[in-house]
Every structure is written in C-alpha cells, then in structure tokens.
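Me: I should like to learn how to read the interface between two chains. Please take me through the case shown here.

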Number of protein chains: 2
Amino acid sequence: MNGKPLVSIVSAGLSKFGKLEGLYAREIFALAAKEAYDRCPKLNPKKDIKALFVGQMGESYEHQGHTGATMADWAGLLHVPATRTEAACASSGAALRAGIYAVLSGLCDTVMVGGVEKMTHRSTAEVTEYLAMASDYPFEQWNGITFPGLFALMATAHMNAYGTTEKDLSMVAVKNHYHGSMNPKAQIQKEITLEQALSSRVVAWPLKLYDCSLITDGASCIIITKPELARKYTDTPVHIIGSGQASDTIGLYERESFTSLKAAKIAAKQAYEMAAVKPEDVDLAEVHDCFTIAEIIAYEDLGFCKPGGGGKLVESGETRLGGRLPVNTSGGLKSKGHPVGATGTAQAYEMYLQLTGQADKRQVRDAEVGLTHNLGGSGATAAVHVYRRA
Amino acid sequence: MNGKPLVSIVSAGLSKFGKLEGLYAREIFALAAKEAYDRCPKLNPKKDIKALFVGQMGESYEHQGHTGATMADWAGLLHVPATRTEAACASSGAALRAGIYAVLSGLCDTVMVGGVEKMTHRSTAEVTEYLAMASDYPFEQWNGITFPGLFALMATAHMNAYGTTEKDLSMVAVKNHYHGSMNPKAQIQKEITLEQALSSRVVAWPLKLYDCSLITDGASCIIITKPELARKYTDTPVHIIGSGQASDTIGLYERESFTSLKAAKIAAKQAYEMAAVKPEDVDLAEVHDCFTIAEIIAYEDLGFCKPGGGGKLVESGETRLGGRLPVNTSGGLKSKGHPVGATGTAQAYEMYLQLTGQADKRQVRDAEVGLTHNLGGSGATAAVHVYRRA
C-alpha cells in the first residue's frame, strides 16, 4: 500500500444529464457505454470486458430490477457476468469498489463499472418516496422524515456547533452552478447569484431550493483494467491509487455526531493510506453535494480543512475553479444533476476528463492527484477513491 | 485454474425459512449471522470480517433499500464496507461471486456474503408484481406475463421438444418435498405424493401449485476466507474451487432457445474448468428449482444428463437422496422455501453442511464435490459454484 496503481481507467462515458424523455434507463446506459467505447477504439468491448458492475438505486422508478444483466445486454456485453450494486446514492461508488476487487482478483483483467437512474418521469412525491427507501423505514421514513429533512438536521447541528451560516451553504450552490455552466452535459448550465440562492424557497430550513441537488436521468461508466495492460488500450490512462469504502448506521438518530460522517472519514483514511497521499496533496475533488451542507461536511471529513472550517473554505474561493483545490468542477450533484445510481462513476468520469486534460473550459491546470467522495443515504455508505495522472 | 481452492468457507448460517411474522429483514439476517458466528468461535467478526456483500432482490417489500449498510450494522459489522448485490433471484449467488473477487483481490482476507428477503407480509398479488420486476418491463411485465407464465413457456417448449411430461415435473416436487421433510429449517417439512402434485390446481399450465416454489422469509450467509487462513478459524473448512457467472437477455423472447438457459451453461463451463471437475465428478448439487421445470433444465445445462434427458433423470431416482447424484437435499426452493435474495447463499449453506457432515438425516455419504446453481429471473443471470471437502 504505497501509492501504486490499483487499477487504471482506460476510458469513460457519460450520457447527457437532465430530463431524457422517452428513453428507458437501459438506453441511457447504452449512451454512456457508447461514449466509452468511442473514446477507446483499441478496446474490443465484447472480447475484452470480462465483468460489469452497475449501480442503480431503485427499481421502483421503472418497475425494473435485474439491472446488471439488462445493462450488459444494452452495452453490447451479452453473457458477461453482470451484477447491480446498490448502496443508495453510493451505488456506483460501490460498483467501482467491486470492480476494483474483480480486477485485482486476477479473474477479470478488464471490467466496466457504471451506474444509471431514470427518475424524471416520476412525480416529485414519488421520487421523494423512492429516495426515502435509503433511510431507515421503521424510525425515519415511517415518521415522515425525508432526505431534505435529514440533511437539514445536519445543517442546523453544524450551524449550532460551528457558526456555519445560510450564506456559506448558498456559496456552495453558487460555486457549483458556476462550474456547471461550463459543463455541456450538466442538467442546469447557468450561473446563479448569491441573492437568488439565499432567497429561494425553503425546502427544509435552513435548506432552500438551491441547497438541494436535482432529480435527474443519466448514466455513467468507466472501464478499468490492470495497470500493466492500460497502455494496450490508451496512451492516457488514469490510475486509481486508493480506494476506501465504509458503512454506518442507516438511521441518523443512532450516530454520535450530526456534523461529521464517520463512514466518510473511515473511507477517506483507507483511501489516503492506500494511495500514500495526504489531503494537501489533492489537486481537485468531486464530492457528494446532494445538499450544500454535505459538501461543507465533506471538506472537513476529507481533511481539506479542520472540523467546522468548511463554511470558511467555500467562502475563501479556494474550492472554486482557479483556487487551490477546485471541488465539483463538473457542477456536482447540484448543477450537473444527481441520477442517484449514476453519481459515483459520474464523479470518476469527471476525474478521468480532468486528469487527461479533456475538461475544456473547466480544466484544472497541472492537476496530478484527484479524489472522489460518494455518499449513500445520510452517510450510511461512503466510497472514496484517489486518482493519479499517469 | 486447476482445482485449487479459490476461497474457503469457514462458517455458515441460515435463519428458519418460512413465515417469520413480526421480524424485519435486518432481524432475520442477524439470526443467520448469529448462527455463523456461533459455529466459528475462533472468528472475531468485528475484527476479522473486512467486507459484506448481501443479496436482496427487492426494496419494495419493506420499503427499504440501502441493505448493505443496514445488514452490516445488524450483523455486528458496523463500519465494514457493505454492498447490496441484486441480480434478481441470483442476488446472493452474485454476492458470493463478488465476495470471491474481494478475497482474491488481497484487499480483504475474510468476507461475509449472504442474502435476505422478507416477503410473506405482502399479498400474493404484491409479491407477484415485485418479482416481475426481474423480467422485462416493456415487453413482458407490461403485457401481463409473470414468472409462472415465463417458466410455463419453457415447460411447454421442453415437453414439445423432448416429450417431457407433467409427471416428470411432479416427480421433482415429490423428491424435493421428501428432502425438505428432513430439513428442520424448511418452510414445508412434509412429503407429498405424486397424485397430490399432479392434481394440484393449475397456476400456468403445465405448472401446477406443486410445481411452484414458495413465498418465504429468510436469510443466509457464509464466511469465506483465503484458503491459507481457513485452519485458523476451523478444522473443517469447505473449499470453493470453481466460480462461474454469466448473463443473458432479460427477456425470454430474445433467446435462441426456451429449453436451455445459455447463461447457466456458460457459468457452469467456467466453474467446471476452474475447478478441473467434470459433471460426473459431482456428488451432490443444489439447483435453482424456482419451478420444477427449472430443475429439469438445470440437470441438462449442468451436464448431469443430455439435453432432453432431465425428465428421465428425475424419474430414475438418481437425484433423490440415496441415488447417484442427490439434488436439492435441502428441499430446494420448492420445499425449503425461496426468500429470493437469500437463495444463492442458502444453497452454499447446504453445501457447507453436507461437505462437513452436518446434514443429519439428509446427509449424503462420502460426498467430496458439490455444486450450486442459482438463477436470476428467467435465466438472465446464472451463478454456478463448485465446492470440495477439505
């Protein structure tokens, strides 16, 4: 565990994120797979890809489970071993971890990992209900709390403990919409002002409309292989050098703290140690901004600042493109969108673009080391991965 | 790939199968985990188990997803990386495969894999609807076909191609209920007669009530480790020497054949080759008898007889306890029950009992090599594993 590549990313694909009317999830996943194949003409998918792990959070949206086999078929990988992973909004972060195991196992040289969700054809009430299945049924859902409420509890606790303000939260939204305005695949490609964010309607105080991520259709995938095979497929691989995953109680009410996520801290520690990287070595990160407070807590859990320093960090501009450590250059869940099962590998997709110099207007200069941070539910799952330019 | 152990099973647990009123899935999984821990006092679960993969087919039953983290907590494994795998009724067969990758990866020495489903609190109509999510929505579910209908199509095709009879189908049920009568954890522990089976009411011709598996609550788990560590935990490990998994089109209508499942044949070929074992070397098997026709087709896909020979094989008595190759000594899905997500590792549990001489009245004498065959949906997923007594 010394920073050696675990696996290498040789290609990546992402569908447009947004309202993709008239497409089934399988068709959206096929779009992501096609981009990955088109980027990597030396790869023969049917011959080279030996397994598929695909994250999907909910079968209720399309009345469709058995997602692994379905996506394998629609990605041109008929007969490959194909398994859906589910860990709420970290479903494809967990797929990535499972895929890393598969490559390291020696049983599969090259593996596709990805994720997909089709959400926008459902009403907001239905989506809210389906998402709530990632929280604790008997003690949370049953009592009527949904995810905006759970993250509002974290936000008020953070405000109480550290003096974090509504403005700090809004600054996350302003930054991520700025980044998203430069991402042609983002669901919302326009900047917002601090005033707009602060005056948007309250969803669950202190969280307002612009503090919440989006309901989105989308799919993402990356193709990973053994590091020694990477150059067979591409001249510009990206190495994954650290991987951490951890769990916590599904119910927020059972946690020691509301201002930090223990699973994220454990996963980050594992990933940093494996990568032989420290927080200060990270050049850019994609973090799980399902709500703005989650990005602030992520800064702290990942060691980008001290506990309680997240609000000040976003206010400083250091996490904005051009700053010391740009976070969510893709626009994040907030502006790029949050097709829940697809989010984990969509973060990896952005890291692939950035570390191969393909991020266009939102390119971070001279980036060497990147990090992704993907949460499930209110933090009962966390997956953290560290990437290095080859 | 020469028959060397991939991983070793050092313990296993199974809840009672049946109608477990008043228990949540998490509580049922805890019962399975407790049995596994009690069997293996040298193992310190919290310290030794480094990951959990848990199969669960549907979050609709309990309105509860995020199953990996939840089951980790209730199994006393808080903070372990925990992921739900879903591949319809092969969800825990896929969990086993994912767990094997994890152990072989070198990142996790010892892993728990298992599965769980809580079904009986729902109406039969609800269960039928939830199960149908494992078939193709736009072309199967939407047109009203459910799983009994899909397997009835396979049965009529098999009858047409090979002269398989309703009696052959019923003989599978009679055998498996005989086996189940000796399994204190089976949902139905009583024998049935051929006449009872043949005269039971038609569900989807030629499948009658006794041709269909059960709606069941239950959980299962096994603990796997590196072969070189197995003796640290137990004097009687069971080695897994072959693993195969494959996928197929989710829709039956897209397949070349209705009388054989290509995914099962591919998975079996992989597992046999890895294990350096031939079908005739197998001493006992647990196969996926979701419907009686599925067991007959499994005989053929696994090479226990020639295509079309399945009916005659069950009639010969060779697959009954005492015969040459006992199949489904646990009672199978037919009599032990079919808590869908739990079935794959429940098969592995039976194999563990049999190959360590703990199967009591249903013990197969001098068994050395066993096989499990776990299907998802109408065969879009298949997982096959080969086991050897240590």
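**Reading the interface**

Reply: In strand 3 of chain B, B:Glu86 is the bridge partner of A:Arg84. Please note that the model is predicted.

Me: How many bridges join strand 3 of chain A to strand 3 of chain B, and do the strands run parallel or antiparallel?

Reply: There are three bridges between strand 3 of chain A and strand 3 (residues 82–86) of chain B, and the two strands run antiparallel.

Me: How is the extent of an interface expressed?

Reply: The size of an interface is often given as the accessible area lost when the parts come together. Here one may count residues instead: 53 residues of chain A are in contact with 53 residues of chain B, taking contact to mean C-beta atoms within 7 Å.

Me: Which elements of chain A each supply at least two residues of the side that touches chain B?

Reply: They are helix 3 (67–74), strand 3 (82–86), helix 4 (91–105), strand 8 (238–247) and helix 10 (262–275) of chain A. Helix 4 of chain A gives the largest share of that side, seven residues. By character, the residues of the side of chain A that touches chain B comprise 25 nonpolar, 21 polar and seven charged.

Me: What turn and what shift along the axis lay chain A on chain B?

Reply: A turn of 180° with a shift of 0.0 Å along the axis lays chain A on chain B, at an RMSD of 0.0 Å. The two copies are therefore related as by a two-fold rotation axis. In chain A, the C-alpha nearest the axis belongs to A:Ser105, 2.0 Å from it. The same surface serves both copies, since 100% of the contact residues of chain A recur in chain B.

Methods: Residues numbered from 1 in each chain as written. Chains lettered and ligands numbered in written order. Predicted model: local features only at pLDDT ≥ 70, side-chain atom pairs only at ≥ 80, totals over all residues. Contact = placed C-beta atoms within 7 Å. Helix = DSSP H or I, 4+ residues; strand = E, 2+ residues; numbered from the N terminus. Nonpolar A, V, L, I, M, F, W, Y, C, P; charged D, E, K, R; others polar. Pairing = 2+ DSSP bridges. Least-squares fit on C-alpha atoms with pLDDT ≥ 70 in both.
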